[in-house]
Amino acid sequence: VPPIAERPRALIARRAFIPFVTLAMTAVTADQMYQVLAVAALTVLESIVLVLFVVLFAWIAFSFASALVGFALSLFGRKRELDIDSNGALPELTARHAILVPTYNEIPSRVIARLQAIYESVIESGWLVHFDFFLLSDSTDPDIWINEEAQYLALVERTNSSQIFYRHRRDNVARKAGNIGEWVARFGGHYQSMVVLDADSLMTGDTIVRITAAMEHNPHVGLIQTVPLIVNGRSLFARLQQFAGRLYGPMLARGTAWWHGPESNYWGHNASIRVKAFAEHASLPILPGRKPFGGYILSHDFVEAALMRRAGWAIVMVPGLLGSYEETPPSITEYAARDRRWCQGNLQHIRVLTARRLHMISRLHFLTGIGAYLTAPLWLIFIVVGILISLQAHFIRPEYFPKGF
């Protein structure tokens, strides 16, 4: 395995800064909350509220510390990751690369339109000769499957291209992870890297060329993750998500990339992955036991990144690079359905946490994903106990202004 590039000396200090800010803010606010609750002596309910408050506030303070750094970097400039210049001339390519678009029962016309837009953008970059495109279908609906084939044939006829391929799996074992894994086993040896997309992803040819060139020029890097911005929102819910993503997304990404360094994370799409690193080290286990914690790992991306990093490959985020986009579910119902899958997948990471030789930051990625869902019931308990304290006040009157000094 190629050696990891020398880490910046400031990386340890950066990683110390985040918990320092988190603990300092939590300590101050915990003391203030204690003074509010402990008018006389803490009751059982007040003790529960205090403990939950400290845990939940620390959770928010941890994210705030990264956001604070990202805000400062947004204002005062930032270092370019892997020396990727988002505005200069396009770098040269020498190796072969693949662009993968997995799809599962999506509207074929929309998927093909996105694929054509990416293809034409790569043509405009002038480096099309170095790329092949693969539409990897896991669709189970026969009507959608047939429509995909018809749309694909029409795309090939429109573009007159011999570099766009279509493959349909009869059995979608392990879902998207199995889809990508099967492609790597059959075709991956022909390519140095693969740009993995989602069915609703878009990337400009400019961005694709820059991250694949960075992969060529940095032989220690196993994965380069871009920060996709949400586009094409039509409903009010989607527009709110799109606005929030544009406003907060790049700032939060800059903050986390600042202290994650070569131990960044993978979000499952809009990223360039070195095929050799993925093929040799990112094979996923089937977790023992019954669902929801057993079986195939749904949130496979975190685990794949952790396994490649364990093998010595750098996982790098490039938040300053534009030209990476995705869409979001248009309604709360569809968003909740997707979030349910993420919840199950992230909770499966409880089983992965104890894997040997994982990097500390990789374990932290798992804990963050798990905490995103375990804190939800804690918030509910916090609210319910707060209501009970309000009822308790009718029977045990608090004395906020005791007599004497």
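Axes here are lines fitted to C-alpha atoms, for helices over the stretch in contact, and angles run from 0 to 180 degrees between N-to-C directions. Helices (H or I, at least four residues) and strands (E, at least two) are DSSP runs, numbered from the N terminus. This is a predicted model, where local features need pLDDT of at least 70, side-chain atom pairs count only at pLDDT 80 or more, and totals for chains, interfaces and linings use all residues. Residues are numbered from 1 along each chain as its sequence is written, and side-chain values use heavy atoms, with hydrogens and water left out.

**View 1. Helix 1 (residues 10-37) meets helix 2 (residues 44-76) with axes that come within 8 Å.** The two axes cross at roughly 150 degrees. The crossing of helix 1 and helix 2 is right-handed (the near helix is turned clockwise from the far one by less than a right angle). Sorted by class, their contact holds 19 nonpolar, four polar and one charged residues. In this sorting, Ala, Val, Leu, Ile, Met, Phe, Trp, Tyr, Cys and Pro are nonpolar, Asp, Glu, Lys and Arg are charged, and the others, Gly among them, are polar.

**View 2. Helix 2 leads into Gly77.** With 33 residues at 1.5 Å each, helix 2 should span 48 Å, which agrees with its end C-alpha atoms being 48 Å apart; the expected span is 1.5 Å times one less than the number of residues. Gly77, just after helix 2, has a positive phi of about 95 degrees.

**View 3. Seven strands build an open sheet with mixed pairing.** Their order is 3-2-1-4-8-6-9, where two strands pair if DSSP finds at least two bridges between them. Strand 3 (164-168) and strand 9 (314-317) stand at the edges, each with a single partner strand, so one side of each has no neighbour in the sheet. On average, neighbouring strands are turned by 20 degrees against each other, direction ignored.

**View 4. Strand 2 (residues 131-137) runs parallel to strand 3.** Five bridges join this pair, and Phe133 has Ile164 of strand 3 as its bridge partner. Helix 4 (residues 142-159) lies across strand 1 (97-103), strand 2 and strand 3, at about 170 degrees to strand 3.

**View 5. Helix 10 (residues 332-352) crosses helix 11 (residues 360-392) at roughly 130 degrees.** Their axes come within 9 Å. The crossing is left-handed (here the near helix is turned anticlockwise). Contact (heavy atoms within 4.5 Å) involves residues including Trp342 and Ile350 of helix 10 and Phe366 and Tyr373 of helix 11.
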